[in-house]
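Welcome! Take a moment to look over the chain before you start, then try each exercise before reading its solution.

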Amino acid sequence: MDKIISMIGLAEKAGKVVSGEFMTEKSIKEGKASLVVVAKDASDNTKKMFLNMCTFRKIPYYLYGTKEALGHGIGKEVRASLAILDEGFRKAIEKKLNESGNQDAKISEEMR
């Protein structure tokens with residue numbers, strides 16, 4: 001398992017992750033999401049919906065991993081989307097995402 005998925009798993013254990021489309025959307029709208037991760041194999045509608053929501057609210061948005069990997073990382077079934085609720089975890093996970101050279105992952109760089 002890669003470091004990013006492991007860190008998401010740690011955030012989950014700390015109770016700082018919400019997952020699934022409904023809960024991720026709710027956390028964004030309530031201003032609780034610090035970072036949103038959407039699986040690369042999520043539907044185009046899902047990707048576009050979260051990109052629009054995150055862009056509007058200036059929340060960092062990444063495409064990373066698969067639905068299976070994201071779900072497995074937090075000990076659940078497949079998950080197309082999740083939100084990190086904690087600023088400390090956001091910084092650590094975002095740092096790893098940027099270090100991974102996974103440039104297609106970073107969509108909202110211009111938002112900062």
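**Exercise 1. Pairing in the sheet**

How many bridges join β2 to β4, and do these strands run parallel or antiparallel? Then build up the order of the whole sheet.

*Solution.* Keep in mind that you are working with a predicted model.

Step 1. Start with the pair in the task: β2 and β4 are joined by four bridges, and they run antiparallel. Two of the residue partners are easy to find on screen. Val37 has Leu82 of β4 as its bridge partner, and Val38 has Ser81 of β4.

Step 2. Turn to β3. Three bridges link β2 and β3, this time in the parallel sense. Here Val38 stands opposite Leu63 of β3.

Step 3. Put the strands in order. The sheet is open, has four strands and reads β1-β4-β2-β3, with mixed pairing. The edge strands are β1 and β3 (61–63), each of which pairs on one side only. From one strand to the next, the twist averages 20 degrees.

Step 4. Add a helix. Helix α2 (residues 21–29) packs on this sheet and touches β1, β2 and β4, and its direction makes about 130 degrees with that of β1.

**Exercise 2. Two faces of one strand**

Which residues of β2 are buried on one side, and which on the other?

*Solution.* Step 1. Recall a general rule: in a regular strand, side chains alternate between the two faces of the sheet.

Step 2. Apply the rule to β2. Leu35 and Val37 are on one side, Val36 and Val38 on the other.

Step 3. Check burial. All four of these residues are buried, and both faces of β2 are therefore covered.

**Exercise 3. Helix α1 and the core**

Which residues of helix α1 (residues 3–13) are buried, and what do they pack against?

*Solution.* Step 1. List the buried residues: Ile4, Ile5, Met7, Ile8, Gly9 and Ala11. A general point helps you read such a list: an α-helix has 3.6 residues a turn, so residues three or four places apart point the same way.

Step 2. Find their neighbours. The buried residues of α1 pack against β1 (17–19), α4 (67–73), β4 (81–84) and α5.

Step 3. Look at the ends. Asp2 caps the N-terminal end of α1, with a side-chain oxygen 3.0 Å from the backbone nitrogen of Ile4. After α1 comes Gly15, whose phi is positive, near 75 degrees.

Step 4. Move to the largest nonpolar core, which has 17 residues; Ile8, Leu70, Leu82, Ile84 and Ile93 touch the most other members. The elements giving two or more residues to this core are α1, β2 (35–38), β4 and α5. With five residues, α1 gives the most. There is also a second, separate core of 13 residues, which includes Ala33, Tyr61, Leu63 and Ala83.

Step 5. Zoom in on Leu70. Leaving aside neighbours within four places in sequence, its contacts include Ile5, Ile8, Val37 and Leu82.

**Exercise 4. Buried or exposed?**

Are Glu94, Gly71 and Lys58 buried or exposed?

*Solution.* Step 1. Take Glu94, in helix α5 (residues 87–99). Its relative accessibility is 7%, which is under 20%, so Glu94 counts as buried. The side chain of Glu94 makes polar contacts with the side chains of Tyr62, at 3.1 Å, and Arg90, at 2.4 Å.

Step 2. Take Gly71, in helix α4. Gly71 is buried because its relative accessible area is 0%. Not counting residues up to four places away in sequence, Gly71 touches Lys76, Glu77, Val78 and Arg79.

Step 3. Take Lys58, in the loop between α3 (44–57) and β3. Its relative accessible area is 60%, which is over 50%, so Lys58 is exposed. Lys58 also has a positive phi of about 55 degrees, although it is not a glycine.

**Exercise 5. Reading the confidence**

What is the mean pLDDT of the chain, and where does pLDDT stay under 50?

*Solution.* Step 1. For the chain, the mean pLDDT is 91, and 88% of the residues reach 70 or more.

Step 2. Over residues 108–112, pLDDT stays under 50; the model has twelve contacts beyond four places in sequence for this stretch.

Step 3. Finish with a general caution: where pLDDT is low, the predicted coordinates should not be read in detail.

Terms used:
Residues numbered from 1 in each chain as written. Predicted model: local features only at pLDDT ≥ 70, side-chain atom pairs only at ≥ 80, totals over all residues. Heavy atoms only, no water. Buried < 20%, exposed > 50% of the residue type's maximum accessible area, 1.4 Å probe, protein only. Polar contact = N/O pair within 3.5 Å; in protein donor to acceptor, adjacent residues only side chain to side chain. Contact = heavy atoms within 4.5 Å. Core = buried A, V, L, I, M, F, W, Y, C linked by side-chain atoms within 4.5 Å. pLDDT = per-residue confidence, 0-100. Pairing = 2+ DSSP bridges. Axes fitted to C-alpha atoms, helices over the stretch in contact; angles between N-to-C directions.
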